[in-house]
Amino acid sequence: GTLAQPHSFWGMEMGTGCAQTAHSSPFFPILPAPNSKLCPTAAASKLEISMPAVVEAEIGGTARIECNFYIPENASYTYIDWFYVDRSNRQVRLYHVTASGVLEDDTDYKGRLSLGEDKALSLSSVTVQDARTFVCQVGAGSYGVGENSTELSVYSELPAHPNPCSQLSLPPQIAKCLSRNSFPPPNITWHKNGEQLHPRENQVTMQSTLTRESSGLYTVSSTLYAPVTREDRHSRYHCTVHYWLRGQRHALQSRGVKVNIFYPTEHLKLQVVSSSALVKEGDNVTLVCKADGNPPPVFSFFKKNLDEWQDLSSLAEPDSGVLNLHDVNKSSSGTYRCQSLDLDDMSQKEEDVDLVVNYIEGVRVKMEPSSTLREGDSVTLSCDAHSPVALNYHWSDGKGRKVADGNQLFLPNLTIETSETFSCKVMAPSVPGLEQSKQVSMAVEGKPRIVAISSPLYVRQDEVVNLTCKAIAFPRPTVQWSINGTAHEYMDNQHITSNLTVRVSHDLLQEGARCRVSNRLGVSEKHIQLLDQKSTTESQGVIIVAIIVAILVVAVLGAVIYFLHKKGKIPCGRAGKQDITKPEARKDKIVVEVKSDKLSEEAGLLQGANGERRAAADQVGPSAGRRP
């Protein structure tokens with residue numbers, strides 16, 4: 001058994017509205033549609049009028065409603081009147097047709113109606129409001145007056161579900177079940193959410209057909225008609241085929257299907273979707289409007305400006321119920337409205353939501369006192385801003401280093417070095433990421449101070465050198481040199497650097513150079529000393545030679561003492577010490593005097609370097625030359 005869901009929502013094919021006679025099976029009786037109309041027979045003896053029960057038309061299309069009638073003995077009609085039934089259930093005439101002509105009444109339909117040669121009514125540019133009952137009334141003289149009606153159903157793309165006020169008694173078709181090549185013929189049952197359905201008048205109907213194929217096997221189909229509600233949108237239907245095989249009863253179950261149910265919107269929801277819980281300036285915000293109707297209604301968006309509503313639908317994504325707001329700011333705050341329109345019954349729903357955009361504005365820094373600042377003064381910087389939420393304040397210097405918290409920064413005993421840019425950062429702790437900054441530049445005036453010079457500078461005569469003088473001052477000072485040369489100046493904040501390129505002369509070596517820095521607050525001056533690099537090198541060479549000679553003398557002297565000690569010439573112990581310290585006691589011994597006086601040693605080294613040596617006898621006494 002297979003289960004096939006029909007393509008038409010109505011579950012029945014529309015034609016003349018006549019039910020044809022069909023053979024029935026003891027297993028599956030074929031029932032005519034409850035609201036169909038019987039076709040007139042040749043034996044009819046009175047006026048008969050036949051019309052389709054329902055005519056479907058697409059919005060914007062043309063609906064054609066036929067009115068077929070039979071008058072005994074081929075008699076002619078006296079008149080034909082067309083009516084529609086208004087909301088008050090009152091018939092309003094559209095046309096009056098007689099043998100002499102056609103009269104169209106002045107109604108809202110005028111201009112969209114026309115009559116065919118067969119007196120069928122055609123309605124062009126069909127709208128949702130045209131979904132109503134149309135009546136055809138025929139007068140036939142002595143045969144009386146007869147009338148019949150057709151319900152015009154309007155749909156958009158797909159057929160719409162029946163209007164609640166429709167006079168149709170046949171519930172909508174749910175699904176069709178088909179079983180092929182069975183013998184004996186099987187039986188088909190229907191189930192909803194696992195529970196078996198049973199026929200009930202005007203509620204649940206199961207129409208079945210039995211076809212015997214040329215092979216002798218049977219094909220059975222069953223169509224389920226049942227009323228549905230909004231709650232059935234999640235229901236699942238399936239059919240079960242019951243058949244006999246080898247004397248035993250078996251059942252084959254189909255897959256379950258869900259029914260696409262059309263129903264109007266009952267609840268509308270509008271919500272603000274943002275990357276953060278609290279919306280701040282610069283965020284992207286999405287307004288999402290959701291409805292519980294099927295198909296979804298048409299959405300429109302509005303924003304309240306004073307007493308008027310501004311239409312924002314052109315900014316929304318088509319047919320999505322989504323409105324994107326990019327880079328919101330303070331003016332984006334306000335009340336937004338989503339409005340839904342169900343094209344089926346033209347009903348509307350509205351839902352409002354308030355959007356609050358948190359912001360910081362009017363950040364400013366005030367300096368007290370605001371007059372010119374001098375070294376030694378004190379200053380207070382105050383930072384203020386406006387926001388609907390609480391704010392915190394942080395201060396940082398020009399290098400980004402944090403210096404203080406709070407909306408005030410107090411700077412005592414100012415110096416020229418204090419002259420820089422301070423930044424006040426305003427933050428909202430309750431709204432992460434919401435912050436703004438304001439900078440203020442502060443200049444402290446002071447007389448010049450020379451902070452660096454290239455002195456002493458080792459040079460050679462006739463060499464080209466650079467003399468450097470660096471100072472700090474504000475206002476910008478003037479740098480003057482005591483000698484002529486090529487000067488280059490560089491400014492870095494409150495620091496000024498002057499480089500003077502000169503050729504070294506004899507006078508420059510003797511006198512040096514002077515750097516003079518001045519502004520309207522004072523003067524600073526320093527001397528740069530230049531030293532002859534050649535003389536310095538020679539002096540250094542003499543000192544090095546003297547040191548080497550001293551080292552050699554000490555080494556030789558140490559070797560002599562060590563040699564004499566090994567030969568036993570120098571006794572050890574206290575007696576030996578006395579002999580060494582008292583040369584008079586033993587005239588046959590060599591006495592060596594070691595002096596550690598640094599000044600005498602250095603003088604001896606310098607004398608040795610100049611070639612002036614004294615005799616050994618002068619150094620060790622009169623007995624130094626005798627050997628034992």
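Let's begin at Asn-89, which counts as exposed at 65% relative accessibility; exposed means over 50% relative accessible area, buried means under 20%, and partly exposed lies in between (1.4 Å probe, protein chains only). Asn-89 sits in the loop between strand 6 and strand 7. Strands here are DSSP runs of E with at least two residues, numbered from the N terminus. Asn-89 has a positive phi of about 60° although it is not a glycine.

Before going on, a word on what you are looking at: this is a predicted model, in which local features need pLDDT of at least 70 and side-chain atom pairs count only at pLDDT 80 or more, while totals for chains, interfaces and linings use all residues. Residues are numbered from 1 along each chain as its sequence is written, and side-chain values use heavy atoms, with hydrogens and water left out.

Asn-193 is another residue to look for, with a positive phi of about 50° although it is not a glycine. Its place is the loop between strand 14 (187–192) and strand 15 (195–196), and Asn-193 counts as partly exposed at 48% relative accessibility.

Now turn from the loops to the interior. In soluble globular proteins, nonpolar side chains tend to be buried together. A nonpolar core is a set of buried Ala, Val, Leu, Ile, Met, Phe, Trp, Tyr and Cys residues joined through side-chain atoms within 4.5 Å. The largest one here has 24 residues, of which Trp-82, Leu-94, Phe-134 and Leu-152 touch the most other members. Several strands supply at least two residues each, among them strand 3 (54–58), strand 6 (79–85), strand 11 (133–139) and strand 12 (145–155). Strand 7 gives the most to this core, with 4 residues.

Strand 17 is a good place to see burial along a whole strand. It covers residues 218–225, and 8 of its 8 residues are buried. In a regular strand the side chains alternate between the two faces of the sheet. Here Tyr-218, Val-220, Ser-222 and Leu-224 are on one side, Thr-219, Ser-221, Thr-223 and Tyr-225 are on the other, and all are buried.

Which strands pair with strand 17? Strand 13 (residues 173–182) does so in the antiparallel sense over 7 bridges, and strand 16 (residues 205–212) does so in the antiparallel sense over 8 bridges. Two strands are said to pair if DSSP finds at least two bridges between them. On the strand 13 pairing, the bridge partner of Ser-182 in strand 17 is Tyr-218. On the strand 16 pairing, Ser-208 stands opposite Ser-222. Strand 16 and strand 17 form a hairpin with 5 residues between them, and Gly-216 in the turn has a positive phi of about 95°.

Further along the chain, an open sheet of 4 strands has the order 33-32-35-36, with antiparallel pairing. Strand 33 (402–405) and strand 36 (435–442) stand at the edges with a single partner strand each, so one side of each has no neighbour in the sheet. Strand 32 (residues 392–396) pairs with strand 33 over 3 bridges, and Trp-395 has Ala-404 in strand 33 as its bridge partner.

Two peptide bonds also deserve a look. A cis peptide bond joins Glu-368 and Pro-369, with omega about -5°, and Pro-369 lies in the loop between strand 29 (361–368) and strand 30 (373–374). The bond from Phe-474 to Pro-475 is cis too, with omega near 5°.

Finally, consider charges. Side chains of opposite charge can pair when their charged atoms come close. A salt bridge is a side-chain nitrogen of Lys or Arg within 4 Å of a carboxyl oxygen of Asp or Glu, and the structure holds 21 of them. One of them joins Glu-266 and Arg-230 (3.4 Å, N to O), linking distant parts of the chain, 36 residues apart. Glu-266 is partly exposed at 44% relative accessibility, whereas Arg-230 is buried, with a relative accessible area of 12%. Another salt bridge is formed by Arg-374 and Glu-445, whose closest N and O atoms are 3.0 Å apart. Arg-374 lies in strand 30 and Glu-445 in strand 37 (residues 444–453), so this pair ties together parts that are 71 residues apart in sequence.
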